[in-house]
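Dear colleague,

Here is the structure I promised to hand over, so that you can have it open while you read. My notes on what was found in it follow below.

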Amino acid sequence: MPNLKAKLESEQRTEDILYSLKKLDYLSRSQLQQLHDLGQKRNANRVLQQCSEFLSSFRDIENIYYLNKEGRDRVGSSKIRKKTPQAKHFIMRNYIYIAFECPSDWKNEVKLGIKEKKIINKCDATFTRDNKRYIVEVDNMQKMSENKKKIEKYKVIAESGVYGSPDFIWITTTTYRQKQLSDLCADLDCQVFLLSDFY
């Protein structure tokens with residue numbers, strides 16, 4: 001019986017890991033450790049090796065995992081992910097998801113706007129907490145001029161009250177860009193994190 005219990009627990013853990021990848025697209029080894037309480041690096045690597053028939057991975061500072069065809073079939077995912085430099089964008093966004101305790105209503109790539117004013121922004125993610133909406137933006141290779149345009153639209157959206165009084169969360173890569181974003185968002189409720197804050 002103990003062997004059966006261990007087998008069922010292992011199956012459930014595999015399933016949970018695959019569903020996390022279905023939801024979040026790409027996850028680093030350390031993110032999977034945090035999300036699924038995989039303990040130390042050695043144990044995490046052992047668990048992920050046990051899931052290897054369902055996963056593909058590539059190296060970028062640490063291993064980055066995503067679902068292969070068998071993994072997609074197992075959890076009913078139609079999104080095909082591959083090794084790509086854009087994976088860093090997803091990894092950065094996932095740090096925010098984990099830091100804010102995995103909100104149950106977290107949604108990726110959501111259009112927000114005011115139709116009458118023809119103002120639409122596609123945010124990287126959004127969620128609510130204590131009846132307040134949070135809007136998440138990832139600044140990874142984006143031109144600052146594009147960020148500026150997006151922030152100007154967010155100011156109009158925030159003033160409209162359509163989404164209540166939203167808080168904005170940015171994650172970026174350098175202290176220089178962090179300061180630029182903080183200055184641009186001066187009129188908004190906004191936190192700007194560095195990627196290095198999370199590892």
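**The hairpin and its neighbours**

Strands S5 and S6 form a hairpin with two residues between them, and in the turn Asp130 has a positive phi of about 50 degrees. Please keep in mind, here and throughout, that this is a predicted model. S5, which covers residues 119-129, runs antiparallel to S6 and is joined to it by five bridges; to find the pairing on the screen, you could start from Phe127, whose bridge partner in S6 is Tyr134. S6 also pairs with S7, this time in the parallel sense and again over five bridges, and in that pairing Ile135 stands opposite Phe168 of S7. As a general point, strands of a sheet pair through backbone hydrogen bonds, and they may do so in either the parallel or the antiparallel sense. Strand S6 itself spans residues 132-138, and because five of its seven residues are buried, the strand is largely enclosed by the rest of the structure.

**Helix H7**

Helix H7 comprises residues 175-184, and within it Arg177, Leu181 and Leu184 are buried. These three residues cover an arc of only 60 degrees around the axis, and therefore lie on the same side of H7. On the other side of the helix, Thr175, Tyr176 and Lys179 are exposed. The cover over the buried residues of H7 includes helix H6 (144-160) together with the strands S7 (167-172) and S8 (189-194), so that S7, which pairs with S6 in the parallel sense, turns up in this part of the picture as well.

**The three-stranded sheet and Arg29**

A separate paragraph is due to the open sheet of three strands, which are arranged in the order S1-S3-S2 with antiparallel pairing. Its edge strands are S1 (27-28) and S2 (55-60), each of which pairs on one side only. S1 is linked to S3, residues 62-67, by two bridges in the antiparallel sense, and Ser28 has Ile64 as its bridge partner in S3.

Arg29 belongs to helix H2, which covers residues 29-36. Is this arginine, Arg29, buried or exposed? Its relative accessible area is 13%, and since the cut-off for a buried residue is under 20%, Arg29 counts as buried. Leaving aside residues up to four places away in sequence, Arg29 touches Lys41, Ala44, Asn45, Leu48, Glu62, Asn63 and Tyr65. As for Glu15, it is 14 residues from Arg29 in sequence, and the two C-alpha atoms are 16 Å apart in space.

**The chain as a whole**

Taken together, the chain has seven helices and eight strands, and its C-alpha atoms fill a box of roughly 60 × 30 × 30 Å along the principal axes. Of its 199 residues, 45% are buried. Among the contacts with a separation of 6 or more, 56% are made by residues 24 or more positions apart. The accessible surface comes to about 11,500 Å², and carbon and sulfur atoms account for 48% of that area. Finally, the chain carries 36 positive and 27 negative charges, and the mean positions of the two groups are 5 Å apart.

With best wishes

Key. Residues are numbered from 1 along each chain as its sequence is written. This is a predicted model: local features need pLDDT of at least 70, side-chain atom pairs count only at pLDDT 80 or more; totals for chains, interfaces and linings use all residues. Side-chain values use heavy atoms; hydrogens and water are left out. Helices (H or I, at least four residues) and strands (E, at least two) are DSSP runs, numbered from the N terminus. Buried means under 20% relative accessible area, exposed over 50%, partly exposed in between (1.4 Å probe, protein chains only). Contact means heavy atoms within 4.5 Å. Accessible areas come from the Shrake-Rupley method with a 1.4 Å probe; for residues, only the protein chains shown count as cover. Lys and Arg count as positive and Asp and Glu as negative; His and the chain ends are not counted. The place of a charge is taken as NZ of Lys, CZ of Arg, CG of Asp or CD of Glu. Two strands pair if DSSP finds at least two bridges between them. The arc is that of the directions from the helix axis to the C-beta atoms.
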